[in-house]
Amino acid sequence: MLTIEERIAHMTLEEKAALCTGEGPWRTTPVERLGIPSMVMTDGPHGVRCVTDLDLIVCDSKPATCFPTASSLAASWDVALLEEVGQALAEEAIALGVDMLLGPGVNMKRTPLCGRNFEYFSEDPYLAGVLATGLINGIQSRGVGVSMKHFAANNQEYERFSISAEVDERTLREIYLPAFEMAVTQARPWTLMCSYNRINGTYGSEHHQLLTDILRDEWGFDGFVVSDWGAVHDRPAALRAGLDLEMPGPNPSRVRAVIEAVRNGELDEAVLDKSVGRILRIVDRAAATPKGGDFDASAHHALARRAAASGMVLLKNDGILPLRDPRRLAVIGRAAHDPYIQGGGSSHVHPTEVSAPLDELRQLLPPDATIVHTPGYPEGQDFDQALIDEAVAAAEQSEVALLFIALPAYKESEGYDRPDLDLTEQQVALIQAVSAAQPRTVVILNNGSAVTMSAWIDGVAAVLEAWMMGQAGGGAIADILLGRVNPSGKLAETFPLRLVDTPARINYPGENGVVHYGERLYIGYRYYDAKELPVLFPFGYGLSYTSFAYGNPRLSTESFRDVDGLTVSVDVTNTGEMAGAEVVQVYVHDHEARLGRPYKELKGFARVYLEPGETQTVTIPLDFRAFAYYHPTHRRWVTDDGAVDILIGASAADIRCTLTAMLHSTVELPSTLNRESTIRAWIDDPRGRKVLEPLLSLFQAQTVTLGGEDGAAMLGMDTGGLPMDMPLLVLLHFQGSSAPPTPEEMVDMLLAQVRD
Ligand code: BGC
């Protein structure tokens, strides 16, 4: 077999250009004379959507397990589970002849209005990064590749093909890139998919800084970058930026454009060769895993059921759940027999089977239990009072009403954003009417991202967030309602009280082709913390049928160097009567940072399963990055000396213990002082302060030249002390000495000392 370099040397320009564009919607171009096969890629994150005809961009797909979507998997906070799901996805890909899965999606949930949030993990970059790493490790451990997407800042569907996300560098580095960075450095995804949108004016497909400087030069990515389907605008420019493969194909005009660009010198053939090499490396890797065979559909259905249950979040429970031997049940809502298992768009899987909650309940309940089922709301957008009346009558005659409410696809899907965070008018009226007639009402929700509940939550006894739960979700719901499984899911996104409270409210969706990420670092709980805003349910929150106590919190050290990090330990005890899992969360609060930082940030977590009465010690390591922030002037991750708080909690709003440690920074930063720097900047800079200190009292005495106390009276202001926000140079000029050294010479002398 020829080496990659030899194959490149043997390829014609035409063959190279063709390789960098798909042969069809789901395949790379083969070069048969050199034995280069084509590679098959298909969506998507929560199931293998392998179309029955690989030459068609849209057609039915082969049956595959529809696992829970990312929102649901994320709420499990269970990395091992994601790995297991990843392995199952890979087994199915192999059986269906697929080399690479187009996912996972790791974009941040900047606004709950993003119609595609169901395909993304979290509002928190650390959590999303850890979960993506687990899923990718699982998939790739079986010799199937992934395409982590959509790189980057694709956080809304509104104008997703064109809008420019205007994001400052610090925000990009701390919020929108870390999930990609963590997965690239720790799971080494075979490929990455660029986003459709522009980032600070440049298309994701042409973004050299993202695709080359950061992704490859900084993070060491060694796979290839594929365009989102239709994201390329200028093919030679995209190649120069680091976009290797354009999809979908065939696209002869693009192949011609590459050939012409090389011929007329617009594109260096060496750049094309690099992309060819990257694609060949992955094509080889894919070919090393033989395809075909079967997968164990029933084992995967069982895994999908376990995964769905792990991600379900019990939001409210007045004690009604788990249901104890119910005999007369009203099961209301279309989603009880027609379960809502996934969202619309490219990730839509053709499930191998679907279990409906209604059937699963029937199977698990004693034979003499009676179930009355009514649809509750229509399929379309009409309001139908008769359905509500029918549901109320059923609820009145029952011991308990189970209300299955699924947000319809017209309110949430890939391709468009949500108009609001509410359920439909009919669904709200239905919940209100049923819960008024039957206080023992449990609401089971199917949706991909936060919904508001203020209009009805007080009236119901319990709420279970079941998400877009995958094909086996019906069984998972029955397991939880009947206490066969103890719920342990925790929200990976905040549920706000109102849309107007949400972080991007003023900046979203943007206008005139541009969306400003003006809330900067403050998305999700970072924002609600900063604003001290109450929320409906906080990040990290979820109830259990048991209770957990936290004790004996401790740190490995009270004083540490940033590069050494530290470990946090806490003893967790199951103080209730049912076995269950708890997710211990560790947030860091930095007291001393030179730049503003969110009040707290998740930097570690652990999931622990405990029998009643059992105690286990949970130990969570925190490394350099747990304490660092990105300094946009120095363009690197930095730490500052001083105290940091380590917050150990059961949610972002339920901090059980706080410990403090002294951080010693090993980061040496060059001074950024210059001729324009203010007195404050000089004093804030440790070296600046040192050289300026001997002169400070002199300046203080001489502020008299600025008017002194008399001047203060004349100006009606307090000119006492130093004018902190005045540049040093201006102050020296005000002092008016014409004799050498001049103010400029003096500042330059001081700057020279600082830089010594
Ligand atoms: C989506 C991608 C998807 C691709 C192929 C695009 O519209 O944004 O996530 O992988 O289509 O279906």
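This passage describes the ligand site, the nonpolar cores and selected local features of a predicted model.

Residues are numbered from 1 along each chain as its sequence is written, and side-chain values use heavy atoms, with hydrogens and water left out. In this predicted model, local features require a pLDDT of at least 70 and side-chain atom pairs count only at pLDDT 80 or more, whereas totals for chains, interfaces and linings use all residues.

The ligand is surrounded by 14 residues, of which Asp43, Arg116, His150, Tyr196 and Asp228 come nearest; a residue is near a molecule if one of its heavy atoms lies within 4 Å of it. Sorted by class, this shell holds seven charged, five nonpolar and two polar residues. In this scheme Asp, Glu, Lys and Arg count as charged, Ala, Val, Leu, Ile, Met, Phe, Trp, Tyr, Cys and Pro as nonpolar, and the others, Gly among them, as polar. Oxygen atoms of the ligand are approached by several side chains: a polar side-chain atom of His150 lies 2.7 Å from one, and an N or O atom in the side chain of Asp228 is 2.7 Å from an oxygen atom of the ligand. For Glu414, the distance from a polar side-chain atom to a ligand oxygen atom is 3.4 Å. The protein buries 93% of the 310 Å² that the ligand exposes when taken alone, with accessible areas computed by the Shrake-Rupley method with a 1.4 Å probe, and with only the protein chains shown counting as cover for residues.

The largest nonpolar core comprises 127 residues, and Phe121, Phe151 and Trp229 touch the most other members. A nonpolar core is a set of buried Ala, Val, Leu, Ile, Met, Phe, Trp, Tyr and Cys residues joined through side-chain atoms within 4.5 Å; buried means under 20% relative accessible area, exposed over 50%, and partly exposed in between (1.4 Å probe, protein chains only). A second, separate core of 72 residues includes Ala309, Leu315, Ile320 and Val443. Neighbours within four places in sequence aside, Phe121 has contacts (heavy atoms within 4.5 Å) with residues including Ala70, Leu82, Pro104, Lys109, Leu131 and Ala492.

Thr42 lies in strand β1, which spans residues 41-42. Helices (H or I, at least four residues) and strands (E, at least two) are DSSP runs, numbered from the N terminus. Thr42 is buried, with a relative accessible area of 0%. Beyond residues up to four places away in sequence, the residues that Thr42 touches include Trp26, Arg49, Cys50, Val98 and Met100.

Helix α11, residues 269-287, contains Glu269, a partly exposed residue at 30% relative accessible area. Although Glu269 and Lys16 are 253 residues apart in sequence, their C-alpha atoms are 9.6 Å apart in space. The side chains of these two residues make a polar contact at 2.7 Å; a polar contact is a pair of N or O atoms within 3.5 Å, where, within protein, one must be able to donate a hydrogen and the other to accept it, and residues adjacent in sequence count only if both atoms are side-chain atoms. Apart from neighbours within four places in sequence, Glu269 is in contact with Leu13 and Val262 as well as Lys16.

Ser677 is placed in the loop between β25 (654-664) and α19 (679-684) and is buried, with a relative accessible area of 9%. Its side chain carries a polar atom 2.8 Å from the backbone nitrogen of Asn674. The C-alpha atoms of Ser677 and Pro727 are separated by 5.2 Å, with their positions 50 residues apart along the chain. Contacts of Ser677, without its neighbours within four places in sequence, are made with Thr672, Trp682, Pro727 and Leu728.

Backbone geometry was also examined. Most residues other than glycine have a negative phi, and most peptide bonds are trans. The peptide bond from Phe151 to Ala152 is cis, with omega near 10°, and Ala152 lies in the loop between β3 (145-151) and β4 (164-166). A cis peptide bond also joins Leu321 to Pro322, with omega near -5°; Pro322 is found in the loop between β9 (313-317) and β10 (328-332). Glu159, not a glycine, has a positive phi of about 50° and lies in the loop between β3 and β4, where it is partly exposed at 34% relative accessible area. Arg188 likewise has a positive phi, near 45°; this residue belongs to the loop between α7 (178-187) and β5 (191-194) and is partly exposed at 40% relative accessibility.
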